[in-house]
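Here is a set of short exercises to work through with the model open in your viewer. Try each task before reading the solution under it.

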Amino acid sequence: MHTSLPCLVNQTVRKIVIDAAMLGLRFFYMILLLLLPLAACRKTTSVLPPEVPDWERLTTDKVVLELPKTVPLLTGADITLTKELLYDRYTLQDVYDYGDTVRSFKWDTVKKCLAFIENMQDIQPHWGVFRNYKNLQGEAPLVEPYRRNAYRLATDTFGIERYQSVPLYAGADTLMPVRYGRDGAIVQLVDERGSFFVVQPVTIEGEWLVPKRYVKALPDSVMMRHVIFVDRGDQNIVTLEWADRAEWKIRSMNPATTGRHAPPYARETPLGMYLLQEKKTRMVFLKDGSAATGGFAPYASRFTNGAYIHGVPTNAPATQVQEYSWTLGTVPRSHMCVRNASSHAKFVFDWAPTEASLVVVIE
């Protein structure tokens, strides 16, 4: 049987069409393979800025523009630290051995931050603090896009959880927040627009609109003269007190234990600068996943969300305060809090005034 000419033409056309379609499909896949690495690279390189910024850069870019010309700008090199301990138990050296490694107090970072704090207060603007502990001011609206973290909680693209946080709106758009600000974060109150404050957070770039109920204005007379640095990398804590311009006294240098990343209950102590907000002689905690009392932590000073600086926990049914634990200064073990020797926690409790002291978490 011979194939007719029309059939041969039809078969040839069909083959050309199929080949063209396959070529187009191969081309599409080639383009897709080329674009996927670019997309992955873009996702990787859009890494979020650290919550603890480069204090020296912020001093130069943000604060200097608003300082009176007669006030000299401080840098970390200008700051003088003098050891005059008010608490001298379990004191660590500037540099000390830990296992087969070496740990230290990061004095350069501390000095840069203290210079920033002094420059920040020389401006003498109106300061405030974000507050939404346990969502007492209302659950923040959901940002778009949002994500779910390892704890199955909604977060913004910066990884800050919606729970206990404050909504930040960009520009005049107050329908949907762009991101969240942490409870306890320090902000400059720039302006008021109806039911919103225009704020400039210390550790977040730019100006943002925030509903007024989420911001507590601090008295203009407040000066941050007590600063507590928590190093979650080297697991230590240092307290400092202002003496004079560019002069600070070191009041204690101790081991500490910060929060660990262990879903669904334990969280890392968040990096950043926070206001010491409240104190509890005994902070009662619950057993994980239960409404039953797990025990208490003595001399607790809260600075963000449910994060406290406190003494060694006492687990129920025990009732006596525990002074020390071998775990202090080792590796992160807490749920978000910063554990100290109980007598050091009491020192912080008595020494640092509420709503006039700063807690800075570094790494």
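## Exercise 1: the smaller void

β13 makes the largest contribution to the lining of the second largest cavity, with three residues. Keep in mind that you're looking at a predicted model.

**Task.** Work out which residues line the second largest cavity and how they divide by class.

**Solution.**
- Step 1: start with the count, which comes to two cavities of 30 Å³ or more. The second largest has a volume of about 50 Å³.
- Step 2: pick out the lining. It consists of Phe-105, Lys-106, Trp-107, Val-110, Phe-229, Val-230, Asp-231, Asn-236, Val-238 and Ile-362.
- Step 3: put those residues onto the secondary structure. At least two lining residues each come from α3 (107–122), β13 (226–231) and β14 (236–244).
- Step 4: sort by class. You get seven nonpolar residues, one polar and two charged.

## Exercise 2: the largest pocket

**Task.** Find which residues lie nearest the centre of the largest pocket, and say which strand gives the most to its lining.

**Solution.**
- Step 1: get the volume, which is about 1,600 Å³.
- Step 2: go to the centre. Of the 49 residues in the lining, Tyr-265, Arg-267, Gly-306, His-335 and Met-336 lie nearest to it.
- Step 3: look for strands in the wall. β5 (147–148), β17 (278–286), β18 (293–304) and β19 (307–310) each bring at least two residues.
- Step 4: rank them. β17 comes out on top with five residues.
- Step 5: sort the lining by class, and you'll find 21 nonpolar, 15 polar and 13 charged residues.

## Exercise 3: a five-stranded sheet

**Task.** Trace the open sheet that contains β4 and β12, and say in what order its five strands run.

**Solution.**
- Step 1: read off the order, β11-β10-β9-β4-β12, with antiparallel pairing.
- Step 2: find the edges. β11 (208–211) and β12 (215–217) each pair on one side only, so they are the edge strands.
- Step 3: check the twist, which averages 50 degrees from one strand to the next.
- Step 4: zoom in on one pairing. β10 (residues 196–201) is joined to β11 over four bridges, in the antiparallel sense. Here Val-198 sits opposite Leu-209 of β11.
- As a reminder, strands in a sheet pair through backbone hydrogen bonds.

## Exercise 4: a leucine in a loop

**Task.** Is Leu-218 buried or exposed, and which residues does it contact beyond its sequence neighbours?

**Solution.**
- Step 1: place the residue. Leu-218 is in the loop between β12 and β13.
- Step 2: apply the cut-off. Leu-218 has a relative accessible area of 6%, and buried means under 20%, so Leu-218 is buried.
- Step 3: list the contacts. Setting aside neighbours within four places in sequence, Leu-218 touches Trp-127, Gly-128, Val-129, Met-224 and Leu-275.
- Step 4: take one of those partners. Trp-127 is 91 residues away along the chain, yet its C-alpha is 5.6 Å from that of Leu-218.

## Exercise 5: unusual backbone spots

**Task.** Which residues that are not glycine have a positive phi, and where are the cis peptide bonds?

**Solution.**
- Step 1: recall the background. Most residues other than glycine have a negative phi, and most peptide bonds are trans.
- Step 2: take Asn-135. Its phi is positive, about 60 degrees, and it lies in the loop between β4 (126–130) and β5. With 18% relative accessibility, Asn-135 counts as buried because that is under 20%. Leaving out residues up to four places away in sequence, Asn-135 touches Arg-162, Tyr-163, Gln-164 and Ser-165.
- Step 3: take Arg-152. It also has a positive phi, about 65 degrees, and sits in the loop between β5 and β6 (154–155). Its relative accessible area is 58%, so Arg-152 is exposed.
- Step 4: find the cis bonds. One runs from Glu-144 to Pro-145, with omega near 0 degrees, and Pro-145 is in the loop between β4 and β5. Another joins Pro-263 and Pro-264, where omega is about 10 degrees. Pro-264 belongs to the loop between β15 (247–255) and β16 (272–275).

Methods: Residues numbered from 1 in each chain as written. Predicted model: local features only at pLDDT ≥ 70, side-chain atom pairs only at ≥ 80, totals over all residues. Heavy atoms only, no water. 1 Å grid on protein atoms, 1.4 Å probe; cavity = no way out; pocket = protein on both sides within 12 Å on 5 of 7 lines; lining within 4 Å. Points joined across faces, edges and corners; volume = space filled by probe spheres on them. Nonpolar A, V, L, I, M, F, W, Y, C, P; charged D, E, K, R; others polar. Pairing = 2+ DSSP bridges. Axes fitted to C-alpha atoms, helices over the stretch in contact; angles between N-to-C directions. Buried < 20%, exposed > 50% of the residue type's maximum accessible area, 1.4 Å probe, protein only. Contact = heavy atoms within 4.5 Å.
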